[in-house]
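Colleague: Please take a close look at how the helices pack in this model, one pair in particular, and then place that pair in the rest of the chain. A connected account would suit me better than a list.

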Amino acid sequence: MNSLQEKFISANSRLNNELNYIIQAFINFYGEKHRDYIVNVLRDLKVIWYDDIDFKEEKEIRNVIVTPLPEDQINEYLKKHDKKCFSQSAYIDEIDVLVLPLSYDITHIIHEMNHKISSHTLSLEPLKIISGMCTSVEKNGGVVQENSDLNEAINQKMTLEILDELRKLGLEIQYTPSWQENMFPLINLFYESFKDLLKDLYISGDILSFIKIIGTENYFEFSQTMFMKGFRVKRRLIKGKIPIVTEDDVKEVESIVALMQNFICESKMSEDKRKI
Ligand SMILES: [Zn+2]
């Protein structure tokens with residue numbers, strides 16, 4: 001038995017042993033009312049494990065991945081998709097596959113499972129997917145994504161809370177920080193203000209209702225601003241610099257969140273008036 005197989009047996013059996021706890025942690029985070037949905041989505045997982053322990057870029061992809069999925073299915077995936085997708089933690093919506101690290105990095109595992117929870121495929125050809133706040137639409141042979149960085153930061157915020165739920169269930173959690181956390185100062189107020197709405201959005205994929213509640217104009221302004229600021233954070237990270245989010249950046253974003261809060265208050269007031 002080679003060492004890749006050994007690592008696979010250990011990671012795979014650990015996931016099988018912990019899956020019920022993981023499902024319960026997701027239910028505790030999203031709420032009991034979503035139990036059926038969560039159990040359904042997380043019960044049968046298609047997982048490809050990649051070797052992040054002895055990771056070498058130049059290795060043949062088949063030498064770094066291992067999976068219980070059938071051989072011909074894997075060949076099919078490898079033919080159609082960029083091989084790079086299978087050598088880093090990911091959830092690949094189109095084929096509903098989780099790519100997870102053999103080191104069993106639980107932060108990565110929960111983060112990717114949360115992508116799976118929030119992924120709603122509207123159409124495969126042309127590709128149209130809503131994943132939390134991120135929308136992916138196929139256009140002219142490419143895929144255009146909106147709110148990708150913003151959604152990554154929100155997903156990571158949720159991941160930390162789900163890890164806390166796992167701790168409460170008695171699991172020992174070794175947490176690893178990730179790049180998305182550099183964006184946390186920008187989204188703290190947004191996340192705390194609309195956490196319940198965001199949870200519902202993740203479960204339902206109903207982005208239109210979410211936009212209607214916080215106000216269409218506010219949504220687009222927020223999206224645009226977060227895109228610019230997220231872009232800057234990522235560019236600095238790629239260049240190996242410390243990503244700086246200034247107080248002014250935070251103020252600018254939070255002023256839009258205040259507009260959203262006002263919008264919700266005003267809609268509630270006018271609704272109450274209508275009831276009278
Ligand atoms: Zn992600």
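Modeller: Helices H9 and H10 cross in the left-handed sense. This is a predicted model, and the geometry that follows is computed from it. H9 covers residues 216-238 and H10 covers residues 247-275; their axes come within 10 Å and cross at roughly 165 degrees. An angle over 145 degrees counts as roughly antiparallel, so H9 and H10 are classed as roughly antiparallel to each other.

On the H9 side the contact is formed by Asn218, Glu221, Phe222, Thr225, Met226 and Lys229. These meet Asp249, Glu252, Val253, Ile256, Leu259, Met260 and Phe263 of H10. By class, the contact of H9 with H10 holds seven nonpolar, two polar and four charged residues. The charged residues are Glu221 and Lys229 from H9, with Asp249 and Glu252 from H10.

Two further residues of H10 help to place this helix. Glu247 lies in H10 and counts as exposed, because 8 C-beta neighbours lie inside 10 Å. Its C-alpha atom is separated by 37 Å from that of Leu171, and the two residues are 76 apart along the chain. Ser255 is also found in H10. Ser255 is exposed too, since 12 other C-beta atoms lie within 10 Å and the cut-off for exposed is 12 or fewer. From Ser255 to Ile9 the C-alpha distance is 50 Å, across 246 residues of sequence.

Helix H1, residues 3-30, takes part in two other packings. In general, two packed helices are described by the angle between their axes and the distance between the axes. For H1 and H5, the latter spanning residues 148-168, the axes come within 8 Å and cross at roughly 120 degrees. H1 and H5 are therefore oblique to each other, and their crossing is right-handed. The H1 residues in this contact are Tyr21, Ile22, Ala25, Phe26, Asn28 and Phe29, which meet Met158, Glu161, Ile162, Glu165 and Leu166 in H5. The residues of the contact of H1 with H5 divide into eight nonpolar, one polar and two charged.

The second partner of H1 is H2, residues 35-43, with axes that come within 10 Å and cross at roughly 145 degrees. This crossing is right-handed as well. Here Ile22, Ile23, Phe26, Ile27 and Tyr30 in H1 meet Arg35, Ile38, Val39 and Leu42 in H2. The contact of H1 with H2 divides into eight nonpolar residues, no polar residue and one charged residue. Ile22 and Phe26 of H1 appear in the contact with H5 and again in the contact with H2.

Some loops between the other elements have backbone features to check. Most residues other than glycine have a negative phi, and most peptide bonds are trans. Asp96, in the loop between strand S3 (90-92) and strand S4 (97-101), has a positive phi of about 55 degrees although it is not a glycine. Asp96 counts as partly exposed, because it has 14 C-beta neighbours inside 10 Å. Tyr104 is in the loop between S4 and helix H4 (106-117), and its phi is near 60 degrees, again positive in a residue other than glycine. With 19 C-beta neighbours inside 10 Å, Tyr104 is likewise counted as partly exposed; the cut-off for buried is 20 or more. The third feature is a cis peptide bond that joins Glu125 and Pro126, with omega about -5 degrees. Pro126 lies in the loop between strand S5 (119-123) and strand S6 (128-131).

As for the chain as a whole, it has 10 helices and eight strands. The C-alpha atoms fill a box of roughly 70 × 40 × 40 Å along the principal axes. A compact globule of 276 residues would have a radius of gyration near 19 Å, and the chain, at 20 Å, agrees with that. Buried residues make up 30% of the 276 residues. Of the contacts with a separation of 6 or more, 60% are between residues 24 or more positions apart.

Methods: Residues are numbered from 1 along each chain as its sequence is written. This is a predicted model: local features need pLDDT of at least 70, side-chain atom pairs count only at pLDDT 80 or more; totals for chains, interfaces and linings use all residues. Helices (H or I, at least four residues) and strands (E, at least two) are DSSP runs, numbered from the N terminus. The radius of gyration is taken over C-alpha atoms; the globule rule is 2.2 Å times the number of residues to the power 0.38. Two residues are in contact if their C-beta atoms, placed from the backbone, lie within 7 Å. Axes are lines fitted to C-alpha atoms, for helices over the stretch in contact, and angles run from 0 to 180 degrees between N-to-C directions. Angles under 35 degrees count as roughly parallel, over 145 as roughly antiparallel, 65 to 115 as roughly perpendicular and the rest as oblique. A crossing is left-handed if the near helix is turned anticlockwise from the far one by less than a right angle, and right-handed if clockwise.
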